[in-house]
Amino acid sequence: MTTSFEMREVRKEHGRCLSGTSGEFGEIEVIYPVDLGPTGGTGAQVQGGAIPTALLIGWSIFDNKPRLTGAQLRLGDDEVKIRRNRWAVRRRGRALRMTHHRIEYRCTAVSRKSYLFTRPGLAVTVTESGIRKKRHRLLVLIDGPAEPVDIALAVLFSGANRSHLTMGGAFRAGFSTVYNLWADTTVRT
């Protein structure tokens, strides 16, 4: 069984929001950045009427999306264990792996604007499109029987900085961080 739905970017007073309606899961919103206080980092949150609330907490120096490096993932009141091999060369090896109630999930980069979220028996492909922020859209393609937890976790990563899931993206992110920190200290002195 294959189904799909689309999400569009909507401006809200607290930041950006991707909002859409799934025929099976109702209204879904991905909100980023989520204010976590002065020492809490930055976050991305997914919520909806028929799906559990999920929150990804990470650090971001220059972006409004949390990075996956050192991130924490909460699904409702549960903590989801996440891990990835940052030294892997291939995308499959660099994939983000998650475990929730003994179910193994994997988030793998397909391209810079597309990723694949899988678990045994399910594949969810999320593809971003649109050049400008007001035309930013997501197409969520679900292949297999999906549970509300699956959809919450799958669309959550659209609000995260996924550049570290590819080797080239990790190099660009590392170079950008070093350059921006150097430029910031140069301007301050």
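These legends walk through several close-up views of a predicted model.

**View 1. Twelve strands close up into a barrel.** Start with the whole sheet: its strands follow the order 1-2-3-4-5-6-7-8-9-10-11-12, and the pairing is antiparallel. Going from one strand to the next, the twist averages 20°. Helix 2, made of residues 148-156, packs on this sheet. Among the strands touched by helix 2 are strand 1, strand 3 (26-35), strand 4 (42-48) and strand 12. Compare helix 2 with strand 10 (114-119), and their directions make an angle of about 155°.

**View 2. Strand 1 meets strand 12.** Here residues 2-12 (strand 1) lie beside residues 137-143 (strand 12). The two are antiparallel and share 7 bridges. For a handy landmark, look for Glu 6, whose bridge partner in strand 12 is Leu 139. As background, strands of a sheet pair through backbone hydrogen bonds.

**View 3. Strand 3 between its two partners, strand 2 and strand 4.** On one side, strand 2 (residues 15-22) pairs with strand 3 over 7 bridges, in the antiparallel sense. A hairpin of 3 residues carries the chain from strand 2 to strand 3. Find Ser 19 and you'll see Glu 29 of strand 3 standing opposite. Strand 3 also pairs with strand 4, again antiparallel, over 6 bridges. In that pairing, Val 30 has Val 46 of strand 4 as its bridge partner.

**View 4. A hairpin with a glycine in the turn.** Strand 6 (72-75) and strand 7 (residues 78-83) run antiparallel and are held by 3 bridges. Just 2 residues separate these strands, and Gly 76 in the turn has a positive phi of about 65°. Leu 75 stands opposite Asp 78 of strand 7. Strand 7 is joined to strand 8 as well, by 3 bridges in an antiparallel arrangement. Look there for Lys 81, opposite Thr 99 in strand 8.

**View 5. Two rings stack up.** A search through the whole structure turns up 1 aromatic pair. Tyr 105 and Phe 117 make up that stacked pair, with 5.4 Å from centre to centre and 25° between the planes. Tyr 105 belongs to strand 9 and Phe 117 to strand 10, 12 residues apart. Both residues are buried.

**View 6. Thr 108 and its surroundings.** This threonine, Thr 108, sits in strand 9. Is Thr 108 buried or exposed? Thr 108 counts as buried because its relative accessibility is 15%, under the 20% cut-off. Beyond its neighbours within four places in sequence, Thr 108 is in contact with Arg 91, Arg 92, Ala 95, Tyr 115 and Leu 116.

**View 7. A lysine over a tyrosine ring.** Zoom in on Lys 65 and Tyr 32 for this one. The charged end of Lys 65 sits over the Tyr 32 ring, 5.2 Å from the ring's centre.

**View 8. Inside the nonpolar cores.** The largest nonpolar core has 40 residues. Met 7, Ile 28, Val 46, Met 98, Phe 117 and Phe 157 have the most contacts inside this core. Helix 2 supplies its largest share, 6 residues. Take a closer look at Ile 28: leaving aside neighbours within four places in sequence, its contacts include Phe 5, Met 7, Leu 18, Val 46, Ile 151 and Val 155. There's also a second, separate core of 5 residues, including Cys 17, Ile 31, Leu 55 and Ile 57.

How values were computed: Residues are numbered from 1 along each chain as its sequence is written. This is a predicted model: local features need pLDDT of at least 70, side-chain atom pairs count only at pLDDT 80 or more; totals for chains, interfaces and linings use all residues. Side-chain values use heavy atoms; hydrogens and water are left out. Two strands pair if DSSP finds at least two bridges between them. Helices (H or I, at least four residues) and strands (E, at least two) are DSSP runs, numbered from the N terminus. Axes are lines fitted to C-alpha atoms, for helices over the stretch in contact, and angles run from 0 to 180 degrees between N-to-C directions. Contact means heavy atoms within 4.5 Å. Buried means under 20% relative accessible area, exposed over 50%, partly exposed in between (1.4 Å probe, protein chains only). Rings of Phe, Tyr and Trp (its six-membered ring) pair if their centres lie within 6.5 Å; planes under 30 degrees apart count as stacked, over 60 as edge-to-face and the rest as tilted. A charge sits over a ring if NZ of Lys or CZ of Arg is within 6 Å of the ring centre and within 35 degrees of the ring normal. A nonpolar core is a set of buried Ala, Val, Leu, Ile, Met, Phe, Trp, Tyr and Cys residues joined through side-chain atoms within 4.5 Å.
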